[in-house]
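Notebook open, model loaded. I wanted to look at the ligand surroundings before anything else, then pick a helix and go through it.

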Amino acid sequence: MRLAEVSAALDRRLDPDSAAPLAVGFSGGGDSLALLILTLEWARRHGRPVLSLTVDHQLQPDSALWTQEAVRKAAALGARSLALAWTGPKPATGLSAAARRARHALLAEAARAAGARVLLLGHTADDRLEAAAMRAEGSTVSDPRIWAPSPVWPQGRDVFLLRPLLGQRRAGLRAWLTERGQTWLDDPANEDPGSTRARARRALAPAAIPATAPPEPAKPHFEGDPLGGLTLPRDAAAAHVAAACLCAAGTERPPRGERLQRLVARLRSGEAFTATLAGARIEAEADSVRFLRDAGESKRGGLGDLALAAGQTGVWDGRFEIVAGTSPVTVRALKGLAADLPEPQRKALRSVSPAARPALPVLALPSGEVTCPVLGGPAFAGDPDVRIRALVLDRFRAATGLIDQECVT
Ligand SMILES: Nc1ncnc2c1ncn2[C@@H]1O[C@H](COP(=O)(O)OP(=O)(O)OP(=O)(O)O)[C@@H](O)[C@H]1O
């Protein structure tokens, strides 16, 4: 195993001076055991706590036992150790994708709740090779990246995934563990001869050299506004156009494939137009293109109300995080409520483009008082402790690689 490479990845991405815990996704398997041990060693050198998280997908009769064993092992190694369970209904089709999403959501939620900004995962060079082999068979699995924002939203807000073992071969990690007298569990799903993953795994030549890491994407040019809009140049890279649609719409799935290519081609053509895609409204002007929430989504069930109890935190429409104050608060779309706003906000609203207005967030107290704090002006007279944070801009920065380490200095 090339230990120096792993340490270099941890040094490059993690903040040695932070006091926040480092979260590790620990399945109990060999890859994530090696990851947990290496993370604990790095964290000890820098006086940082480690939180080990194990998800019980509740798909196998013995899963509770494996989870207990993993939790015990992580605690014995010196980590704070938690078990998380996927208790929701299990779909009849697409089970592995649903399990993956549930796992990412549980891990990100627990990491964030503990104050961790980074969640380490034990993907190896073999995972990259397997993903490449599966893509060659027609699968759409993506290439795991060394550093990426959590793929789940809004649970994954402010959480980044770090995969420092991507350059290591699985066999080397296991030999290293064996030398240290370590034992581990292996997920039987990986051995299921029928699964595409297992076929890809078996087909890997033992001596295959891991492909080099994908190049970092070029940095985007952009402007954001406090209302949740993003403006890019018309010749922005397709990946940045997709990220702008995703973040402005507050959804979890960016536009891809042909629909994205069509939008990019229209932008390159220089034509002035307005379009909607994947929950975003796109306004293309002479030199720039603006991305905002498509207010028409309310007709399709989007932009629904969010009711929060006193002190509760929630995310409305994937774009705004709200922390209720001393009383309950309901968050809803501005559509139809403009006349109820305080006078300074009604005035500020006049300079907002009419298409952007209906999808702005309005906070309502049980007393009937309403406010749209992103327009500035007064906080609630009845509850000054309520807080709102626009997520769009930070999410776009994270999605386009502008935040590439734990703390940006
Ligand atoms: N049950 C689990 N609990 C906690 N962490 C897990 C669990 N399963 C996987 N992980 C984490 O994810 C890493 C990758 O695991 P695995 O290869 O099984 O997932 P995957 O389905 O390929 O992941 P992804 O689809 O996210 O790329 C593990 O090394 C570990 O860090």
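Ligand shell. I counted 15 residues around the ligand, and the ones that come nearest are Gly-25, Ser-27, Ser-32, Val-55 and Gly-122. I then asked which elements give two or more residues to that shell: helix H2 (30-45), strand E2 (50-56) and helix H4 (95-113). E2 gives the most, with three residues. By character, I get five nonpolar, six polar and four charged residues in the shell. Note to self: this is a predicted model.

Helix H3. Next I went to H3, residues 63-77, and checked its length. Its 15 residues reach 21 Å from the first C-alpha to the last, close to the 21 Å expected at 1.5 Å a residue.

Which residues of H3 are buried? I found Thr-67, Ala-70, Val-71, Lys-73 and Ala-74, so a lysine is on the list. These buried residues sit on the same side of H3, because they cover an arc of only 165 degrees around the axis.

What covers them? I looked up the cover over the buried residues of H3, and it includes H2, E2 and strand E3 (80-85). H2 and E2 had already turned up in my ligand entry, where each gives two or more residues to the shell.

Then I turned the helix over. The face of H3 pointing away from the buried side carries Leu-65, Arg-72 and Ala-76, which are exposed.

Last entry, the end of the helix. Just after H3 I noted Gly-78, with a positive phi of about 115 degrees.

Definitions and conventions. Residues are numbered from 1 along each chain as its sequence is written. This is a predicted model: local features need pLDDT of at least 70, side-chain atom pairs count only at pLDDT 80 or more; totals for chains, interfaces and linings use all residues. A residue is near a molecule or strand if its C-beta atom, placed from the backbone, lies within 6 Å of it. Helices (H or I, at least four residues) and strands (E, at least two) are DSSP runs, numbered from the N terminus. Ala, Val, Leu, Ile, Met, Phe, Trp, Tyr, Cys and Pro count as nonpolar, Asp, Glu, Lys and Arg as charged, and the others, Gly among them, as polar. The expected span of a helix is 1.5 Å times one less than its number of residues. A residue is buried if 20 or more other C-beta atoms lie within 10 Å of its own, exposed if 12 or fewer, and partly exposed in between; C-beta atoms are placed from the backbone. The arc is that of the directions from the helix axis to the C-beta atoms. Two residues are in contact if their C-beta atoms, placed from the backbone, lie within 7 Å.
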